[in-house]
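Visitor: I'd like a close look at a single part of this model, please: the paired strands, together with the loops and side chains that go with them. Could you take me through that part slowly, in one connected account?

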Amino acid sequence: MSEVTRSLLQRWGASFRRGADFDSWGQLVEAIDEYQILARHLQKEAQAQHNNSEFTEEQKKTIGKIATCLELRSAALQSQEEFKLEDLKKLEPILKNILTYNKEFPFDVQPVPLRRILAPGEEENLEFEEDEEEGGAGAGSPDSFPARVPGTLLPRLPSEPGMTLLTIRIEKIGLKDAGQCIDPYITVSVKDLNGIDLTPVQDTPVASRKEDTYVHFNVDIELQKHVEKLTKGAAIFFEFKHYKPKKRFTSTKCFAFMEMDEIKPGPIVIELYKKPTDFKRKKLQLLTKKPLYLHLHQTLHKE
């Protein structure tokens, strides 16, 4: 084993233990961040095409499966998905001994598919220069753009007597460079005051059209929890994302959020804030002084 590979395995092992420790201590936000960042590094190695890798194709596949399990545990901490910490800990010796591991993988999972959506904290390290997008977003050939899944929208929950369900129609978002955004979509999540997910995260399909200073979506989001069951201080977040061909990854451009006292039938416009997304709502900065907003329409369903 080369010194480079030995050092890499040590870093992976340390990151894995940090995440598991945070998880054991109940520090869920920190655990999720650590798991997702490690998953990204493992995924990158599993899909690397360089010839100087010491990992065999079978080892890369196992590394990819460990990345999947990290994401499963991260999702379990954010919603009701089931992937236990005890299960995750079974993977530490596999990761540590990846060069000699030759048994069947303990879980029926597949490697994470190739994508370039960044884990929390990574994007700030890679880019802050929004001015680069002025006139530059159209560079690169369309053939180089990665194929995107056409949304991950979920159906409306079954109704319950006396309980309220919320449908949010995302109509359009106002941006000064709306026409330059490539494959724009919006990620919708519901967070508590600590930034922990209260419902599954949903992605809209790519926008239906761009016109003047607006990106149009006209798509319905079904909130995956009855309004009465949301915790005090919760908020619904909308992250506007688009593909950046120069950097070859999907970037968050701005975000907006709606608090519980704003849930009421009819149209609503909400302000846009600068990235990175602040799920705890501590340090908010408006995206622009111009009157540009996210336009929504709410429908309440009560049996």
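Guide: Gladly. A strand here is a DSSP run of E with at least two residues, and strands are numbered from the N terminus. One caution before we set off: this is a predicted model.

Let's begin with β1, which covers residues 164–174 and runs antiparallel to β10, residues 293–302, with 9 bridges joining the two. To find the register on your screen, look for T167 opposite T299 of β10, and then for I168 opposite Q298. β1 also has β5 as a partner: these two run antiparallel as well, with 7 bridges between them. Here I173 has V215 of β5 as its bridge partner. Of the 11 residues in β1, 8 are buried, so this strand is largely enclosed by the rest of the structure. Staying with β1 and β5, K172 lies over the face of Y214, 4.1 Å from the ring centre.

β10 takes us on to another partner. β8, which spans residues 266–271, is joined to β10 by 6 bridges and runs antiparallel to it. In this pairing P267 stands opposite H297.

Now for the open sheet. Five strands make it up, in the order β3-β2-β6-β7-β9, with antiparallel pairing. Its edges are β3, residues 202–203, and β9, residues 273–274, each of which pairs on one side only. Further in, β6 (residues 235–244) and β7 (residues 249–259) pair in the antiparallel sense over 10 bridges. A handy marker for that pairing is F240, whose bridge partner in β7 is C254.

Aromatic side chains are worth a stop here. Ring pairs link F237, F255, F257, Y273 and F279 into a cluster. One of these rings has a charge for company: the charged end of K191 sits over F279, at 4.1 Å from the ring centre. In the whole structure a search turns up 9 aromatic pairs. One of them joins F105 and F107, whose ring centres are 6.4 Å apart; the planes meet at 70 degrees, so this pair counts as edge-to-face. Both F105 and F107 are buried.

Back in the sheet, β2 deserves a closer look at its backbone. D183 belongs to this strand and has phi near 45 degrees, a positive value in a residue other than glycine. Most residues other than glycine have a negative phi. D183 is partly exposed because its relative accessibility of 26% falls between the 20% and 50% limits.

From β2, follow the chain into the loop between β2 and β3, where P200 is found. P200 has a relative accessible area of 34%, so it too is partly exposed. Its C-alpha atom is 10.0 Å from that of A76, although 124 residues separate the two along the chain.

P200 also helps to line a cavity. A search of the whole structure finds 3 cavities of 30 Å³ or more, and the second largest holds about 40 Å³ of space. The lining of this second largest cavity is made of V188, S189, V190, T199, P200, Q202, I221, E222, L223 and Q224. Elements that contribute two or more residues to this lining are β2 (182–191) and β5 (214–222); β2 gives the largest share, with 3 residues. Sorted by class, the lining of the second largest cavity has 5 nonpolar, 4 polar and 1 charged residues.

Our last stop is the loop between β9 and β10, which includes P276. The peptide bond leading from K275 to P276 is cis, with omega near -5 degrees. Most peptide bonds, by contrast, are trans. The loop between β9 and β10 also holds R281, which is not a glycine yet has a positive phi of about 60 degrees. R281 has a relative accessible area of 15%, and it counts as buried because that value is under 20%.

Methods:
Residues numbered from 1 in each chain as written. Predicted model: local features only at pLDDT ≥ 70, side-chain atom pairs only at ≥ 80, totals over all residues. Heavy atoms only, no water. Pairing = 2+ DSSP bridges. Helix = DSSP H or I, 4+ residues; strand = E, 2+ residues; numbered from the N terminus. Phe/Tyr/Trp six-rings, centres within 6.5 Å; stacked < 30°, edge-to-face > 60°. Buried < 20%, exposed > 50% of the residue type's maximum accessible area, 1.4 Å probe, protein only. Lys NZ or Arg CZ within 6 Å of the ring centre and 35° of its normal. 1 Å grid on protein atoms, 1.4 Å probe; cavity = no way out; pocket = protein on both sides within 12 Å on 5 of 7 lines; lining within 4 Å. Points joined across faces, edges and corners; volume = space filled by probe spheres on them. Nonpolar A, V, L, I, M, F, W, Y, C, P; charged D, E, K, R; others polar.
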